[in-house]
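Today I went through the ligand site and the empty spaces of this model. My notes follow.

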Amino acid sequence: MNILLVTGESLPYCKSGGLGDFIWSYSKALAKLGEHVSVILPLYDLVIAKHPEAEKEVYDRFDFHMSERTKWATITKTENEGVDFYFVRMDEFKTMALYGYPNDNERFASFTMAVNTFLTRHNDYDVVHCNDWQTAVLPLLLRYNPKTIKTVLTIHNPAYQGWGLRGDLSYFFNLDLDYYDSGFAKLGDSFNFLKTGIMAADKVNTVSPTQARELVSDHEAFGGIGAILDWCRHNDFSGIVNGLDTEVWNPKTDPVLPENYGSDNAEEAKKKARRAILAYLDMDLDFKGPLYGVITRLSAQKGIDRIIRAMDGLHAADGRMIIIGTGELESEVMGACWRHPEVYLVNKYDENLAHLLYAASDYFLMPSYFEPCGTGQLISMRYGTLPIVSNVGGLADTVKDLGSGEEATGFVFNGSLPDAIYNTVLAANDLFYNNRKRFAELQKKGMSGEYGWAKSAKEYLSLYDSISWK
Ligand code: ADP
């Protein structure tokens, strides 16, 4: 099969969250299965700065129209581990960040229109797989492509949707305003990029079965996206758990760690990682209690208020917490650190330090309010760090609670119960001090889990196969 993944981000070039991990690890897995796989994404200045090879080979150059405006796009190409990467160079992407600009709708509409034009010039793809709101209008545009192409839309985060105006349909996408007036592209009183994709794609999925169920069962969710999925895609909306890049996230080979480890030498090697990160951050080396790690965007979705509540469980247990994160709630976290000297915030994006913290921690906190799949809990289990998660989305699908006998890998708390996070931290402290044997069992079980793409890549291929040629 000839597959094109369309995305706003992909490692090894750029990443803001789990989507960047997903595209890179999934595309490599497809290539290993013998599929011909390509990825297309914007050529941000940020990418050129770190990966000059991305702009070396010019593959195509063309113009296209967005209503009365003419725009130019240059397509560059590079190959990486069996995956063809195409980059769309346009003025809109002369930026050092990926998202968060006031004209994001126009930036990603331009990208989508450029990819649409690319697909009229290079139309040998069988499947075009779009990801999140930035690329969600493409399946509708491809209905006008002379060649039949199967389309899939994966929703990685339903909270981001691309809300625009009725007129954007024609101003950005040259589409008939009937798509708005008929309700097809409309949610509430706005044009909605994500809803348009949900309506137009041949298949729509999200990144865990529990998240899929949660979405269709809550009609209020995410401005009504839950209701649209239930009414319009009910029997046709699935959840496929993301795999991890098990080469990048491997404690046996990870070059960042002071000592590599498997479950046999985890205890000693993790102690060395702990000393290394504490020394690097100039923290007290001699505390005896558990080290809690947090690596996340500091946004409300991630349960930052719960993380702050968890800090109350540190002092009496001589515990510490290290948070690596950036985002809207930085000042709240800084205030909490000031009140809790046991907590250290590393307020930046730091891939290497993240590797070290996954290895150094005893527990990894991920108390999200919603979590489509989640990556951090998978990495932490692989690194012998017990995850403490809320019972939502992919967290519920991938972590087994202490009470699940031999299958247990961590703590899964019920977010609807008051103070559940605080009580769970007290239970985790207790396990750490008073039941080392059980702690080691959970650690071993987590480390032996199957987190790669073997199963999920096949599920995606079956999803593609299930689309009939129109
Ligand atoms: P989301 O995609 O919602 O942000 P995920 O858990 O799926 O959440 O993916 C987040 C990924 O980004 C994880 O691999 C995590 O380790 C990484 N990450 C988040 N913040 C940082 C940071 N400040 N520094 C390094 N890595 C980070």
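I took domain bounds from an automatic or database domain assignment. For empty space I used a 1 Å grid over the protein atoms alone: a cavity is a set of points where a 1.4 Å probe fits but cannot get out, and lining residues have an atom within 4 Å of a point. The model is predicted, so I kept local features at pLDDT of at least 70 and side-chain atom pairs at pLDDT 80 or more, while totals for chains, interfaces and linings use all residues. Residues are numbered from 1 along each chain as its sequence is written, and side-chain values use heavy atoms, without hydrogens and water.

**Ligand**

I listed the residues near the ligand (a heavy atom within 4 Å). There are 20 around it, and Gly18, Arg297, Lys302, Tyr358 and Thr375 come nearest. I sorted them by class: Ala, Val, Leu, Ile, Met, Phe, Trp, Tyr, Cys and Pro as nonpolar, Asp, Glu, Lys and Arg as charged, the others, Gly among them, as polar. The shell has seven nonpolar, seven polar and six charged residues.

Why does the ligand lie between domain 1 and domain 2? Domain 1 (2–243 + 454–465) and domain 2 (266–447) both give residues to its shell, so it lies between them. I took helices (H or I, at least four residues) and strands (E, at least two) as DSSP runs, numbered from the N terminus. Strand S13 supplies the largest share of the shell, three residues.

Next I checked polar contacts (N or O pairs within 3.5 Å). Ligand oxygen atoms are 2.8 Å from a side-chain N or O atom of Lys302 and 2.8 Å from one of Thr375. A ligand nitrogen lies 3.0 Å from a backbone N or O atom of Lys348. The protein covers 92% of the 570 Å² of accessible area that the ligand has on its own (Shrake-Rupley, 1.4 Å probe).

**Cavities**

I counted two cavities of 30 Å³ or more. Grid points are joined across faces, edges and corners, and a volume is the space filled by probe spheres set on the points.

The largest cavity has about 40 Å³. Its lining is Gly18, Asp21, Phe22, Asn242, Gly243, Gly374, Thr375 and Leu378. H1 gives the most, three residues. Domain 1 and domain 2 each provide at least three residues of this lining.

The second largest cavity holds about 30 Å³. I found Leu43, Asp45, Ile48, Arg89, Met90 and Lys94 lining it. That makes three nonpolar, no polar and three charged residues.

Key
A polar contact is a pair of N or O atoms within 3.5 Å; within protein, one must be able to donate a hydrogen and the other to accept it, and residues adjacent in sequence count only if both atoms are side-chain atoms. On a 1 Å grid over the protein atoms alone, a cavity is a set of points where a 1.4 Å probe fits but cannot get out, and a pocket is an open set with protein on both sides within 12 Å along at least five of seven lines; lining residues have an atom within 4 Å of a point.
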